[in-house]
Amino acid sequence: MKIYRAKHGGFCFGVTRAIKMALEAAGKSKNVSSLGPLIHNRLAVEDLKKRGIRPIDRIDGTKKNEIIIIRSHGVAPDVLRKIKSKRCGIIDATCPRVRRAQRYVQRLVDEGYYVVIVGEKDHPEVKGLLGYAGKRATIYKEGHRVNKKKIGVVPQTTLNQEKFNDAVADLISDVIEMKIYNTICRETAVRINEATKIAKKSDVMIIIGGKNSANTTRLYHICKKLRRSHHIESASEVKRSWFKGAKSVGITAGASTPKQQVDEVVKKIRKMYPKEKKR
Ligand code: SF4
């Protein structure tokens, strides 16, 4: 069995940075929490819990001097204010690329644009971006008319470029002026391109990452259009029956998948199909 493993699968720059900041904080204090799971990966979050980083859902109930980690997705300014009012410490691990998108949203509002954010409405990054625009923003919905003459458009950093292009083309017909900040993260495009190339030359694709991870799910849907694909969270889910008649398997992972989870999947497939010894 030939295994094609993506070079760009696994933790992105922003996630690596957030985890490093969180672990450093946990090394200095026993009172460290992350607002929401630090990454969208159930197994990795369990591991972080053991290392002293407790995910919390709400700011209410936090203790004075508790250290709250803002994850790479960032939060809205009113959330930051609320944490400060609770006299908690803040470690802001917002990815600098998400922070840049937040600044663009704010700038657009200051310049009088109505902001349209293209992304998933329930994604924490999108909720954070919306918070920087106050009431002068909406989330893009296909076919929905915004009814404003002057709009600013900003995508979620992990959006697929094609989807963003389609949204811009849809919106432009109604407006007089449109200002675009393309904040799509390069890591997203690199992963999608590589996964597409691997899927085209593989018989089966395995995409590893949390079922709650938007970027992993997106990779899965892209691969699924090209090949028989399986989205898994851990090596224990890999089944021999998936490889019936296959000579090659492609493996990629989302931006919040630890390298160890990918290693374990490769190891399991290698165990099923050991390399032939050269004579
Ligand atoms: S995908 Fe890009 S923008 Fe999002 S956290 Fe990772 S590095 Fe930052």
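Where is Arg-87 found? I began my notes there, in a model that is predicted. Arg-87 sits in the loop between helix H3 (77–85) and strand E5 (89–92).

**Entry: backbone angles**

I looked up phi for Arg-87 and found a positive value of about 60°, although Arg-87 is not a glycine. I noted this since most residues other than glycine have a negative phi. Next I checked whether Arg-87 is buried or exposed. Arg-87 counts as exposed, at 57% relative accessibility.

I found another positive phi at Asn-147, near 65°, again in a residue other than glycine. Asn-147 lies in the loop between E7 and E8. Its relative accessibility is 70%, so I put Asn-147 down as exposed, the cut-off being over 50%.

**Entry: helix H5**

I turned to helix H5, which covers residues 124–131. Which residues of helix H5 are buried? I listed Pro-124, Glu-125, Val-126, Gly-128 and Leu-129. I then looked up what the buried residues of H5 pack against. I found two kinds of element: helix H4 (96–110) on the one hand, and strands E6 (114–118), E7 (137–139) and E8 (150–155) on the other.

**Entry: His-40**

I located His-40 in the loop between strand E2 (32–35) and helix H2 (42–50). His-40 has 12% relative accessibility, so I recorded this loop residue as buried, the cut-off being under 20%. What is His-40 in contact with, leaving aside its neighbours within four places in sequence? I wrote down Arg-71, His-73, His-123, Pro-124, Gly-210, Asn-212, Ser-213 and Ser-256. One of these, Pro-124, I had already listed among the buried residues of H5.

**Entry: salt bridges**

How many salt bridges does the structure hold? I noted 17. Side chains of opposite charge can pair when their charged atoms come close. I looked at some of the pairs one by one.

Asp-263 forms a salt bridge with Arg-5, and I read 2.8 Å between the closest N and O atoms. Asp-263 belongs to helix H9 (residues 259–272) and Arg-5 to strand E1 (residues 2–5), so this pair ties together parts that lie 258 residues apart in sequence. I checked the accessible area of both partners. Asp-263 is partly exposed at 27%, and Arg-5 is partly exposed at 33%.

I went on to Asp-47 and Arg-51, whose side chains meet in a salt bridge at 3.4 Å, N to O. Asp-47 has a relative accessible area of 34% and is partly exposed. Arg-51 is also partly exposed, with 47%.

I then looked up Glu-66 and Arg-54, which meet in a salt bridge at 2.6 Å, N to O. This pair links distant parts of the chain: Glu-66 is in the loop between strand E3 (53–56) and strand E4 (67–70), while Arg-54 is in strand E3, twelve residues apart. Is Glu-66 buried or exposed? I recorded Glu-66 as buried, at 1% relative accessibility. Arg-54 counts as partly exposed, at 40%. I also noted a network: salt bridges that share partners join Arg-5, Lys-259 and Asp-263.

**Entry: charged residues at the surface**

Which residues form a positive surface patch? I found Lys-2, Lys-7, Lys-197, Lys-201 and Lys-275. I looked up one of them, Lys-197, and placed it in helix H7 (residues 186–201). Lys-197 is exposed, with a relative accessible area of 61%.

I also looked up Asp-110, which has its place in helix H4. Asp-110 counts as exposed, at 63% relative accessibility.

**Entry: sequence distance and space**

I compared separations along the chain with separations in space. Asp-110 and Ala-235 are 125 residues apart in sequence, and their C-alpha atoms are 49 Å apart. For Tyr-273 and Met-1 I noted 272 residues in sequence and 6.1 Å in space, C-alpha to C-alpha.

Where does Tyr-273 lie? I found Tyr-273 in the segment after H9. Tyr-273 is partly exposed, with a relative accessible area of 21%. What does Tyr-273 touch, not counting residues up to four places away in sequence? I ended the entry with its partners: Met-1, Arg-240 and Phe-243.

Note on methods: Residues are numbered from 1 along each chain as its sequence is written. This is a predicted model: local features need pLDDT of at least 70, side-chain atom pairs count only at pLDDT 80 or more; totals for chains, interfaces and linings use all residues. Side-chain values use heavy atoms; hydrogens and water are left out. Buried means under 20% relative accessible area, exposed over 50%, partly exposed in between (1.4 Å probe, protein chains only). Helices (H or I, at least four residues) and strands (E, at least two) are DSSP runs, numbered from the N terminus. Contact means heavy atoms within 4.5 Å. Patches are made of residues with over 30% relative accessible area and no salt bridge: like charges are joined within 9 Å, nonpolar side chains (Val, Leu, Ile, Met, Phe, Trp, Tyr) within 5 Å. Accessible areas come from the Shrake-Rupley method with a 1.4 Å probe; for residues, only the protein chains shown count as cover. A salt bridge is a side-chain nitrogen of Lys or Arg within 4 Å of a carboxyl oxygen of Asp or Glu. Lys and Arg count as positive and Asp and Glu as negative; His and the chain ends are not counted. The place of a charge is taken as NZ of Lys, CZ of Arg, CG of Asp or CD of Glu.
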